[in-house]
Amino acid sequence: MSAITVPNSGPWVPDITWPVLEEFWAAAREGRLVFPRCTACGRYQWYPQAMCPDCRAMAFEWDDVRPEGYVFSHTTLRRSFVPGEDGEQARHIVLVKFVHVPGVTLVTNVRGDMAPRVDLRARIIFDQVAPGVWLPVSELSED
Amino acid sequence: MTVSPLRDAIAIVGVGESVYSRRSAVPVPTLMVQAVRDAIADAGIDIDEVDGIVSDAAVAPHLLPADELAANLGLSDRVFTAQMSVGGAGSVGAPLLAAQAIATGAAKTVVCYFGVDWGSAPGGPYRFHGTDPYKASLEMPFGFYGQPVYFAAVARRYMHRYGLTPEDLADVAISTRAWAALHPGAMKRTPITRADHRSSPMIADPLRVLDCCLLTDGAAAFVMTSTARARDCRHRPVSVAGVSFSGAAMSGHSYLAQHEDYLSTPAQVTGPRALGMAGVGPEDVDFAEIYDCFTISCLLQAEDLGFAPKGAGATLFADGHAAPGGSLPINTHGGLLSHAYVLGINHVVEAVAQLRGGCGDRQVPAAEVGLVSGYAAWEHASLVLTA
């Protein structure tokens, strides 16, 4: 695997003022990882939606979780389809699951140029990519 | 087991297809009207007999709404219109809508139509994903955008779980191309080898260009009517023996990232249900047309439909079962990989052609039962057609 030569995060910046995810981005600015959790049955729901599909309650709270996950799957992008991005590139994308946060998969890029593998540990940290905008990124390790 | 009142209630009596190309000189909505006209003519019925229109709910109506199609055809009293799902699950599941309308007397003759301009439209198949704010917030900043990228993650997980190799994926593309070589209307007809696959550009590891479906401008349509009316039509009717649709509970804002295991599709529900409705099993199926947006998605559905154990779908292709002359021909027109990416309506058209007979070099011998599998990530339809 050749070294990754582009920034870990692409130029597509999310709109952090969108109310549905405001708290996610606010926590990210503070280096915290949060996911919505049903206040009735405790189920995590990601992405956010109105109703808990398990108990059908309609109230969620953002819950701080330990940012320690593992690589469930991954790909290395050779060509981006994101509007405005250059086609040719090489960017690792990992899909991270969390033992303590069932039902959640977080999409991130990778800090550094460690090639991803399934089951590698992924510690979620945050990188500033624009004023006030911090994106989660995975720091991979063997154990 | 009770027999479904919809079993063999309707038949497909006419099919029409446009020329498939990367960039159509004719506007795609015009191709759609032509395909419908051709399908009705193929059935040998009068246009005024059509009183119902069905399609997928996302792609076809965006290019040509049902009322505009009806206006083109000059239909004065259209009593039934319905749409379901996105792309493949919609076109393949459409006979479920038509059968309910026709069996209850709500409509007499229903046409299903489809068209797509993703060969030439800016942004192609990716653009509509970018309109979802969840995706724009939680996936696009990381480059997780575009169907090849999602299915690369699926393929990687499958490789980890079952030991799939890139050669296994190549064999799907090679088998499918071998069929396309026998179809004069297929967009890609030059046979390919494992070496060709190995040297085709990587898009999103492990998926290469030859693992991905084509990009197409094109349209197709098919006409359905009651089994009784079908007997007087031009061709031997092809009966809708079984049809089933299912939507899985998955975050509706995620195309694949939030899927539980990345290894299964709702075909594991719709396949047995459609086959059960038809009173047959996977072993009775003479050929299958499976939604092959990527080599990996074809494997997943082939397994979920019961043609191979989970994790063993690649043996269907490695051992030649799926190829011309094999025991279970799969994607006998060349599929989305090599025939055309019109999101699976071409799979229905091809199944009808095979069951009528007369497919020439690519005719499956003694084809009596065909299974069509239409996929749209969290939604799926299976259709069992019989001669």
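The following exchange asks how some descriptions of chain B are reached.

Reader: What kind of model is this, and how are residues and chains labelled?
Author: This is a predicted model, in which local features need pLDDT of at least 70 and side-chain atom pairs count only at pLDDT 80 or more, while totals for chains, interfaces and linings use all residues. Residues are numbered from 1 along each chain as its sequence is written, chains are lettered from A and ligands numbered from 1 in the order in which they are written, and side-chain values use heavy atoms, without hydrogens and water.

Reader: Why does the radius of gyration of chain B agree with that of a compact globule?
Author: The radius is taken over C-alpha atoms, and the globule rule is 2.2 Å times the number of residues to the power 0.38; for 387 residues a compact globule would have a value near 21 Å, and chain B has 19 Å, which agrees.

Reader: How many of the residues of chain B count as buried?
Author: Buried means under 20% relative accessible area, exposed over 50% and partly exposed in between, with a 1.4 Å probe and protein chains only; by this cut-off, 65% of the 387 residues of chain B are buried.

Reader: What makes β3 and β9 of chain B edge strands?
Author: Strands are DSSP runs (E, at least two residues), as helices are (H or I, at least four), numbered from the N terminus, and two strands pair if DSSP finds at least two bridges between them. The open sheet has the order β3-β2-β4-β7-β1-β8-β11-β10-β9 in chain B, with mixed pairing; β3 (80–83) and β9 (287–290) of chain B each have a single partner strand, so one side of each is left without a neighbour in the sheet.

Reader: In which sense do β9(B) and β10(B) pair?
Author: β9(B) and β10(B) (residues 369–376) pair in the parallel sense over 4 bridges, and B:Glu289 stands opposite B:Val372 in β10(B).
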